[in-house]
Amino acid sequence: MAPLTPKSARVVAAVKLQRHTGRLRAGRFLAEGPNLVEAAAARAMVEEVFATAAAADRHHALLRGLPVTLVTEPAAKALSDTVTPSGLVAVCRTPDPRLDSILADQPTLIVVAVDISEPGNAGTLIRIAHAMGADTVIFASHSVDPYNGKCLRSSAGSIFAVPVIIEPDTAGVLSQLRSSGLQIVATTLDGDTSLDDAGPVLAGPTAWLFGPESQGLPDDVAALADHRIVIPMSAGAESLNVAAAAAVCLYQSARARRHRLG
């Protein structure tokens, strides 16, 4: 077997970032496609871009000033986790935002996702949180790795704009949020307050709890909330997808905050 060249060794190392364990060990992740590469580059997170000759030519303006390594089509395919590889993959540093620092800035809206296992939902949740002005998104308990490829694509680049924190200890992080002046609000089917009437509650600094739509929030986690809110739905509708529920709830929070600020 021929020895690996420096370039091929870097490709092999980058391929390992497709796995969760590889990302954890390296503190790096892969961002594929021009939109994600551009979003990562705008925040100086890109360490190296692997590009085919065709992709480098097509996106020459985007790649200007970035460290680019040309690779073959097979190598680009190995680096991709999509059906149709873009030929453009960046190795990025995984950010490590600190909750203490975020809380020191007195946030008014935080999203806490508990046991969210579907990466598409996780990425969409980040995108919604960004659009509604959330200060951070916390993935708690046994949630999906937000830096896997599907989650990154579903976030549409918002993961580079909103601090994302991974925190296994749900009860501990909720205690920390409450100690910093945020009320804990959960969506539950048996909530005591309708979202229609929750404006006065949501006008204050809020941390929203969202669980997976298949089981909802675990009872012990929902019990930690200061307010349990139910989303009014038509008769016969059982529940909403977690991303849809988050969109409705976070919009109401953003609306209540706008009204409070006048």
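A disulfide is a pair of cysteine sulfur atoms within 2.5 Å, and a search of this whole structure finds 0 of them. Keep in mind as you read that this is a predicted model. The tour below starts with the cysteines, moves on to an open sheet of 4 strands and an open sheet of 7 strands, and ends with two single residues, T206 and K16.

**The cysteines**

- C92 is in no disulfide, and the nearest cysteine sulfur, that of C151, is 14 Å away.
- C151 is likewise in no disulfide, with the sulfur of C92 as its nearest cysteine sulfur at 14 Å.
- Because the cut-off for a disulfide is 2.5 Å, a gap of 14 Å rules this pair out.
- Are these cysteines buried or exposed? C92 is buried, with a relative accessible area of 0%, and C151 also counts as buried, at 0% relative accessibility.

**The sheet of 4 strands**

- The strands of this open sheet come in the order β1-β4-β2-β3, and their pairing is mixed.
- Which strands stand at the edges? They are β1 (28–32) and β3 (68–70); each has a single partner strand, so one side of each is left without a neighbour in the sheet.
- On average, neighbouring strands here are turned by 25° against each other, direction ignored.
- Strand β4 (residues 88–93) is joined to β1 by 5 bridges, and the two run antiparallel.
- To find one of these bridges in the structure, look for R28, whose bridge partner in β4 is R93.
- Helix α1 packs on the sheet, where it touches β1, β2 (46–51), β3 and β4. The direction of α1 makes about 105° with that of β2.

**Helix α3, a helix with two sides**

- Helix α3 covers residues 34–42, and L36, V37, A39 and A40 in it are buried.
- Why do the buried residues line one face of the helix? Seen down the axis of α3, they fall within an arc of 165°, so they share one face.
- N35 and A42, on the other side of α3, are exposed.
- The cover over the buried residues of α3 includes strands β1, β2 and β4, together with helices α5 (60–63) and α9 (149–155).
- Just after α3 comes A44, which takes a positive phi of about 55°.

**The sheet of 7 strands**

- This open sheet has parallel pairing, and its order is β7-β6-β5-β10-β8-β11-β9.
- Its edge strands are β7 (164–167) and β9 (193–194), each of which pairs on one side only.
- How many bridges join β6 to β7? There are 4, and these two strands run parallel.
- In this part of the sheet, F139 stands opposite I166 in β7.
- β6 also pairs with β5 in the parallel sense, over 5 bridges. V112 has I138 of β6 as its bridge partner.
- Helix α8 (residues 119–131) lies across β5 (109–114), β6, β7 and β10, and runs at about 155° to β6.
- Helix α10 (residues 170–179) lies across β5, β6, β7, β8 (183–187) and β10, at about 170° to β5.

**A closer look at strand β6**

- Strand β6 is mostly covered, with 5 of its 5 residues buried.
- In a regular strand the side chains alternate between the two faces of the sheet.
- In β6, T136, I138 and A140 point one way, while V137 and F139 point the other way, and all are buried.

**Two residues to compare**

- T206 is found in strand β10 (residues 206–210) and is buried, with a relative accessible area of 1%.
- The side chain of T206 makes a polar contact of 2.9 Å with that of Q183. A polar atom of the T206 side chain also lies 2.7 Å from the backbone oxygen of G204.
- Leaving aside neighbours within four places in sequence, T206 is in contact with residues including T108, L109, I110 and V201.
- K16 lies in the loop between α1 (6–15) and α2 (20–26).
- Is K16 buried or exposed? K16 is exposed, because its relative accessible area is 53% and the cut-off for exposed is over 50%.
- Not counting residues up to four places away in sequence, K16 touches G22 and R23.
- K16 and A26 are 10 residues apart in sequence and 9.2 Å apart in space, C-alpha to C-alpha.

How values were computed
Residues are numbered from 1 along each chain as its sequence is written. This is a predicted model: local features need pLDDT of at least 70, side-chain atom pairs count only at pLDDT 80 or more; totals for chains, interfaces and linings use all residues. Side-chain values use heavy atoms; hydrogens and water are left out. Buried means under 20% relative accessible area, exposed over 50%, partly exposed in between (1.4 Å probe, protein chains only). A polar contact is a pair of N or O atoms within 3.5 Å; within protein, one must be able to donate a hydrogen and the other to accept it, and residues adjacent in sequence count only if both atoms are side-chain atoms. Contact means heavy atoms within 4.5 Å. Two strands pair if DSSP finds at least two bridges between them. Axes are lines fitted to C-alpha atoms, for helices over the stretch in contact, and angles run from 0 to 180 degrees between N-to-C directions. The arc is that of the directions from the helix axis to the C-beta atoms.
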